[in-house]
Amino acid sequence: MSTQPVSLSRDLTIKQVMRAELGDVDMAVWRSASGVVSAWENRCPHRGMRLSHGFVRGESLACAYHGWHYNCAGACHYIPAHPELAPPKTIKANAYNIAEASGIIWVNATGNVAPIDIPSSTVPVRSIPIACPVESALNGFSKHTHQSLLTQHTQAEIIADTPYVLALTPVGSNSVGVYIAFQHVNDSTTVAHITATDNASMNDVVALSRWANEVRDITEFSAGVSE
Amino acid sequence: MSFTLHDYVLSGNCYKVRLLAQLLEVSYTINPVDFHPGKAHKSPSFLALNPHGTLPVLESGDTVLTDSAAMLVWIAQQHDKQHTWWPINDAECLAMTVQWLGFSSQLTESIGQLRLHTMLNRPADAETLRRQSIRHLRELENHLTEQSIRGQAFLCGKQPTVADIACFAYTALSPDAGLEHTLYPGIRGWLHRIRCLEGFLTMPGIYEAHETRNEHTAAS
Ligand SMILES: N[C@@H](CCC(=O)N[C@@H](CS)C(=O)NCC(=O)O)C(=O)O
Ligand code: FES
């Protein structure tokens, strides 16, 4: 498995926990009070409860079931039923490699994480799920222009293919460019993580958010699914 | 004015009223109704009180309300002296609040019905309800995404209104209907902010944001 985007940095605020799926890999992604992001197998080492149901306590993630606490290194350091006990070092959450770069959280469940270098500084737009395979989503976002921002004169370029990252660059100085990193959830679900170049105004970002929704509808319609 | 709430603990519409009352520190009396399996809300005596045969019902003196949105307005108008929950001094925000209250009753018809089907085996066209529910979640996600881009944390502005409470219940309960929040980051953040409100109340399926509680363990 390759490096994959799982969230925009904006959408995982401190003390939040989320679930993310990459094929068969089910993970809990969380941000500690001081801002450290971790991605773990979504399974508590105690009895297998999903860690994405847990809650953040300072620099630890506490399991929702019996409250075992795991620190940012994944080590269990506190068991509420046995407060005096120092838990054995072997009790550890299964952690994946993670990196935060270009406003996106990237994970590799099986190897080293290699975030895609998005050339310029960016502002977050949104992460939007599309009920179709990643190639159809890529195709949809390459083709559909926006009347004022991403016009017919926009150049669409795939700047990475594992994972896919699409750069949409309109012709003309000062125009707003868009980067889209595609998360392969499974063969029928793709999430497009969308950012824009930092010259985008708030109204531009709102317009891009609406554009993404339209592209999703059109793409799902032509793929024969409509949710 | 104090009131009696004819209530069922697992009902999302009843929960809306309990939640707002708790947030505004309003005390009231609960009359538990045996909705399931007793179907007490379809009994002749209950139908005499509420001809629709639905829960919740709010009773206060001669006032009888049978719609949860009306109850939220009734409570907020009397108990929120700042007029933020029912924003009568802001035309734009008030209109938005009414609009999203309307949307909240659509959520009862989609996610609420799908949840009854999933949890209590109510006969229903599950596939149609599932599609409608996803459409509604997407509509909410689109709006909340735009709100947060504009720096507005809640449905109608920077402050929560009764519409947030009304839409919160079935959105938060959607996993009971088999619809998780994983792919809806805007909804996830908004649910989290509501759960962090001072005085937040839980129900089965909706838990508090423990992380805001005082840390009473030795950990960290
Ligand atoms: N418009 C009403 C609808 C209330 C409603 O549908 N309540 C459900 C329970 S959450 C109910 O009583 N349904 C009747 C039934 O399913 O038998 C409100 O918002 O209060
Ligand atoms: S299953 Fe997680 S603490 Fe028991």
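**View 1. Polar contacts and salt bridges where chain A meets chain B.** Across the interface of chain A and chain B in this predicted model, five residue pairs are in polar contact, with both residues of each pair at pLDDT 80 or more. Salt bridges join in too, and the count between chain A and chain B is four. A good place to begin looking is the salt bridge in which the side chains of R50(A) and E180(B) meet, with 3.5 Å from N to O.

**View 2. The side of chain A that touches chain B.** Staying at this interface, which elements of chain A give two or more residues to the side that touches chain B? They are the strands β2 (17-22), β5 (55-57), β8 (76-78), β11 (122-130) and β15 (189-197), together with the helix α2 (202-222). Of these, α2(A) brings the largest share, nine residues. Sorted by class, this side of chain A holds 13 charged, 11 nonpolar and 10 polar residues.

**View 3. The extent of the interface between chain A and chain B.** Stepping back a little, you can follow the contact through 34 residues of chain A and 27 residues of chain B. The size of an interface is often given as the accessible area lost when the parts come together. For chain A and chain B, the buried area is about 2,800 Å², with 51% of it on carbon and sulfur atoms.

**View 4. Two domains within chain B.** Now let us turn to chain B by itself, which is divided into domain 1 (4-79) and domain 2 (91-219). Taken over C-alpha atoms, the centres of domain 1 and domain 2 of chain B are separated by 20 Å. Their contact takes 18 residues from domain 1 of chain B and 23 residues from domain 2 of chain B. About 1,800 Å² is buried between these two domains of chain B, and carbon and sulfur atoms give 74% of that area.

**View 5. The side of domain 1 of chain B that touches domain 2.** How many salt bridges does the rule find across the interface of domain 1 of chain B and domain 2 of chain B? The number is zero, while four residue pairs are in polar contact between the two domains of chain B, both residues of each pair at pLDDT 80 or more. On the domain 1 side, the helices α1 (12-23) and α3 (68-79) of chain B each supply at least two residues. The largest share, nine residues, comes from α1(B). By class, the residues on this side of domain 1 of chain B are 11 nonpolar, five polar and two charged.

**View 6. Strand β3 of chain B and its partners.** Here strand β3 (residues 57-60) of chain B runs antiparallel to strand β1 (residues 4-7) of chain B, joined to it by three bridges. Look for L5(B), which stands opposite L58(B) in β3(B). Three bridges also join β3(B) to strand β4 (residues 63-65) of chain B, again antiparallel. In this pairing, S60(B) stands opposite T63(B) in β4(B). The hairpin of β3(B) and β4(B) has two residues between the strands, and G61(B) takes a positive phi near 55° in it.

**View 7. A hairpin in chain A.** Our last stop shows strand β12 (residues 154-161) and strand β13 (residues 164-170) of chain A, antiparallel and joined by seven bridges. Two residues lie between β12(A) and β13(A) in the hairpin that they form. To find your way along the pair, start at E157(A), whose bridge partner in β13(A) is A167(A).

Technical notes
Residues are numbered from 1 along each chain as its sequence is written. Chains are lettered from A and ligands numbered from 1 in the order in which they are written. This is a predicted model: local features need pLDDT of at least 70, side-chain atom pairs count only at pLDDT 80 or more; totals for chains, interfaces and linings use all residues. Side-chain values use heavy atoms; hydrogens and water are left out. Two strands pair if DSSP finds at least two bridges between them. Helices (H or I, at least four residues) and strands (E, at least two) are DSSP runs, numbered from the N terminus. Domain bounds come from an automatic or database domain assignment. Contact means heavy atoms within 4.5 Å. Buried area is the accessible area (1.4 Å probe) that two parts lose on being put together, summed over both. A polar contact is a pair of N or O atoms within 3.5 Å; within protein, one must be able to donate a hydrogen and the other to accept it, and residues adjacent in sequence count only if both atoms are side-chain atoms. Ala, Val, Leu, Ile, Met, Phe, Trp, Tyr, Cys and Pro count as nonpolar, Asp, Glu, Lys and Arg as charged, and the others, Gly among them, as polar.
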